[in-house]
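Grab the model and work through these short exercises on charged and aromatic side chains. Try each one by eye before reading the solution.

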Amino acid sequence: MLAKIGLSLLFATLAICDPKDHRWHHPLSTDRKAEGSHTLFNDRQLTISLGRSPCPGINAIANHGYLPRNGLNISLEQFITGFRDGLNFDAEFVRDAVKVYQPFTTTGYNNTLNLKDLDHHSSPGEHDGSLSRNDLFFGDNHSFNKTIWSTVAAHFHDDTISIPVAARARQDRFDAARAINREFTPSNISSFGESALYLKAMRGQDKETKTEYVQILFRESRFLMRDLLCVPHSDTDHRRGTNSF
C-alpha cells in the first residue's frame, strides 16, 4: 500500500482545467456565488448543518461540486467519479479507502457515506497529528483548528514550500501532538501521503508549490483553480493504473 501511494502521488493534480461547473461555493450557502466571494467559515457549524470530513482536501472536492455539495449520502460511484475528476485519483484506491469507512456509515445504508462519517480513525484515513485538526482524544477532530494550523504555517516563510520544509512541518506537528496526547495514534502512510499530496496538487503554473494555495486549501477547503496547474484526463489516462490514485 505504501509503495502504491508513493507512486500515486506523482500524478496527483487537478484534473478539470475548465472550472465553470466547479466553482467554490460556501458550504453553508446554497447560492452559486463566484469563487472570489468567500469567508473563512465556522467548521463546527458546517459539520452540523451539512456535514464535512476532517480532511480539507475532501471538503474542497465537495465545496467545488466534485462530490455532492451537501456532503450527505455519497455512494461509492460518486466517490470514485468525484476523486477521479477532481484530483486524478485511481478508482481502485478510492474503492479501498471508502470500504474502510463503510462500518461507520450513519446514512442508514451500507452502500453510502456522509462525509462526517470520516471522523473515525482508519488507515488510510483519519489519524492523530493532523496538520489542521485536533486529535480525537480531545473530542473534536473534524473542526479546523486555527491554533494548530498556525504552528504548521509558521514553517512556511517563503512564497513556495519545498519538500524539506513540508517534512519538518509534518514532523514538528507529530511531535507536538504526541507530547500532549497519551493515546496518540499516528498513521505514517496517511499523514506523510497527505503532505506529498498537497505539495503536488497545490502547484502553480511554474510547478512550484505555492504557500498561498496551501493556506487557502487548509483554511477554507478551497482550490484556487484559476491558478493551479491542472492535467486533463486525456493527458493522464495512459499513466493510470499502478502509478496513479
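**Exercise 1.** Work out whether D206 is buried, exposed or partly exposed, then do the same for the lysine it meets in a salt bridge.

*Solution.* Keep in mind that this is a predicted model. Start with D206: its relative accessible area is 46%. Buried means under 20% and exposed over 50%, so D206 is partly exposed. Next, find the partner: the side chain of D206 meets that of K210 in a salt bridge, at 2.6 Å from N to O. Finally, check K210, which has 18% relative accessibility and therefore counts as buried.

**Exercise 2.** Find the partner of R84 in a salt bridge and compare how accessible the two residues are.

*Solution.* Look one step along: R84 pairs with D85, and their closest N and O atoms are 2.9 Å apart. A salt bridge needs the nitrogen within 4 Å of the carboxyl oxygen, so this pair makes the cut. Now the accessibility: R84 is partly exposed at 34%, whereas D85 is buried at 18%.

**Exercise 3.** Explain how R168 and D172 are placed relative to each other in helix α7.

*Solution.* First, the contact: R168 and D172 form a salt bridge, with 3.0 Å between the closest N and O atoms. Second, the spacing: both sit in helix α7 (residues 163–180), and because they are four residues apart there, about one helical turn separates them. Third, the surroundings: R168 is partly exposed with a relative accessible area of 44%, and D172 is partly exposed too, at 28%. To put these pairs in context, the structure holds six salt bridges.

**Exercise 4.** Classify the ring pair W149 and F218 from its geometry, then place both residues in the chain.

*Solution.* A search of the whole structure gives nine aromatic pairs. For W149 and F218, the ring centres are 4.4 Å apart and the planes lie at 15°, so the pair is stacked. This pair links distant parts of the chain: W149 belongs to helix α6 (residues 146–153) and F218 to helix α9 (residues 211–220), with the two positions 69 residues apart. Both W149 and F218 are buried.

**Exercise 5.** Which phenylalanines form one aromatic cluster, and which ring does the charged end of R170 sit over?

*Solution.* The cluster is made up of F79, F83, F89 and F93. As for R170, its charged end sits over the ring of F174, at 4.2 Å from the ring centre.

Conventions: Residues are numbered from 1 along each chain as its sequence is written. This is a predicted model: local features need pLDDT of at least 70, side-chain atom pairs count only at pLDDT 80 or more; totals for chains, interfaces and linings use all residues. Side-chain values use heavy atoms; hydrogens and water are left out. Buried means under 20% relative accessible area, exposed over 50%, partly exposed in between (1.4 Å probe, protein chains only). Rings of Phe, Tyr and Trp (its six-membered ring) pair if their centres lie within 6.5 Å; planes under 30 degrees apart count as stacked, over 60 as edge-to-face and the rest as tilted. A charge sits over a ring if NZ of Lys or CZ of Arg is within 6 Å of the ring centre and within 35 degrees of the ring normal.
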